[in-house]
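Dear colleague,

Please find the structure below, handed over for your own work. A summary of what was found in it follows.

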Amino acid sequence: MPASPSTARAINDRLALRLLQQEGPLTAGQLKQLTGLSRPTVADLVERLTAAGLIAVVGEAGEQRRGPNARVYGIVADRAHLAALDVRTESVAVAVADLVGRVRAEASVPIGDDTGTGPAVEQAVTLVEHVAKEAGADRLHTVGIGAPGLIDPSSGELRDSTGLPEWHRRLVATLQERLPEARVSVENETNLAALAEQRDGAARDRDTFVLLWLGHAPGAAVVLDGALRRGASGGTGEIGFLPVPGTAALPSATDCEGGFHSLASSSAVVALAAECGIPVTPGEQTSAVGVVRAAVAVVRAAADGAESLTPGAEAPPPPAPAPTARFLDALADRLAVGVASVVAILDPGCVVLGGEVGQAGGEELASRVQDRIARMTPLRTEVRATTLGGGAVLRGALLTARDRAQEELFTPGEPPPRPSPDW
């Protein structure tokens with residue numbers, strides 16, 4: 001059944017806007033070439049989108065640089081402003097961007113364990129307002145939040161989770177109260193990181209993969225056939241609760257100690273380094289990142305020295321000091337336990353080691369894990385290092401906010417959805 005004229009116009013308009021988003025500013029002639037539409041149809045849609053305030057002339061192209069054919073059209077980036085939040089147990093990071101996703105301002109603030117719920121929420125909301133003002137945003141159209149914990153699939157709410165600060169849940173509701181015109185949504189932080197890795201990072205060529213998040217606590221996100229899988233209760237990827245060998249006990253419904261968390265959390269990584277003879281200062285999340293980064297640097301330097309050896313020279317010493325090499329190998333052994341379990345169930349073909357620790361380990365750690373997986377399972381699996389690191393959560397939150405805003409604004413004639421008071 002052929003589309004009605006109004007439906008056809010809406011389809012053409014969205015197609016043109018998507019092209020302008022992906023390709024950047026274009027002339028009417030370039031839009032005609034890329035869309036396959038007739039010249040009159042392109043002229044009509046350009047007029048409609050300009051009148052709607054969605055696109056504007058941003059320059060001229062061609063040798064003569066004048067006349068209608070030389071006009072270059074681009075999306076009106078200031079038509080809407082977006083905010084993205086990366087909410088951690090002890091900090092909040094905020095970025096504010098325009099409609100095409102260009103970040104205009106960003107900042108972060110630490111929030112200590114001893115900060116009360118009310119003051120913590122106020123600190124975070126004040127940061128959002130400050131960054132928005134710095135970005136020149138009078139109002140925020142859409143806010144995307146990444147936070148640890150379970151998201152209820154039916155309501156979109158951040159569920160109350162043992163071990164996570166109460167201010168996380170209060171923050172979402174308070175932001176909606178303080179920003180009544182904004183569309184506020186929250187998603188699990190690891191899921192957002194996976195989205196960012198798929199769109200802009202290590203998994204750009206994959207429609208099926210698993211992200212293993214390695215930061216303060218381990219997590220996983222599952223993308224199958226291009227779609228993020230959340231599970232019946234929103235708990236897909238809660239790998240910290242996975243029972244594994246090598247731990248002293250089993251995890252419980254309220255405590256993941258004894259599960260994979262005991263092998264791969266930042267505190268576990270720091271303890272492992274100490275066991276291998278590497279002096280570290282336990283208790284800080286950054287210690288795990290620092291110790292992995294230092295170990296990788298030593299291994300890499302040793303490998304570079306071996307490669308630069310001239311022919312006929314005396315054989316080099318071992319490729320890395322024993323404690324450093326032993327630490328990376330032991331860490332790879334631990335990670336392989338969790339990765340092998342995921343591979344046996346999902347056969348994703350690709351696992352990305354994400355988060356701050358995954359980024360610090362880089363290819364040296366990823367290749368070690370891949371070697372072990374190849375010995376543990378017949379299912380061929382490529383293990384890659386993140387290209388976005390800890391910034392993947394904020395990037396994923398911004399991408400979802402941009403998609404949601406564009407979905408609404410790029411659909412002419414449809415009223416915007418009302419924000420849910422429960423968010």
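Helices (H or I, at least four residues) and strands (E, at least two) are DSSP runs, numbered from the N terminus. On that basis the protein chain has twelve helices and 13 strands.

The model is predicted: local features need pLDDT of at least 70, side-chain atom pairs count only at pLDDT 80 or more, and totals for chains, interfaces and linings use all residues. Residues are numbered from 1 along each chain as its sequence is written, and side-chain values use heavy atoms, with hydrogens and water left out.

The mean pLDDT (the predictor's confidence in each residue, from 0 to 100) of the protein chain is 86, and 87% of its residues reach 70 or more. Over residues 414-423 the pLDDT is below 50, yet this stretch has 17 contacts (heavy atoms within 4.5 Å) in the model beyond near neighbours in sequence. Of the 423 residues in the protein chain, 48% count as buried (under 20% relative accessible area, 1.4 Å probe, protein chains only).

The second largest pocket (on a 1 Å grid over the protein atoms alone, an open set of points where a 1.4 Å probe fits, with protein on both sides within 12 Å along at least five of seven lines) is lined by 20 residues, and Glu187, Leu192, Leu228, Arg230 and Thr400 lie nearest its centre. Lining residues have an atom within 4 Å of a point. Strands E7 (142-147), E8 (183-188) and E11 (227-229) and helices H6 (189-200) and H12 (392-409) each give two or more residues to this lining. H6 supplies the largest share, four residues.

Yours sincerely

Conventions:
Buried < 20%, exposed > 50% of the residue type's maximum accessible area, 1.4 Å probe, protein only.
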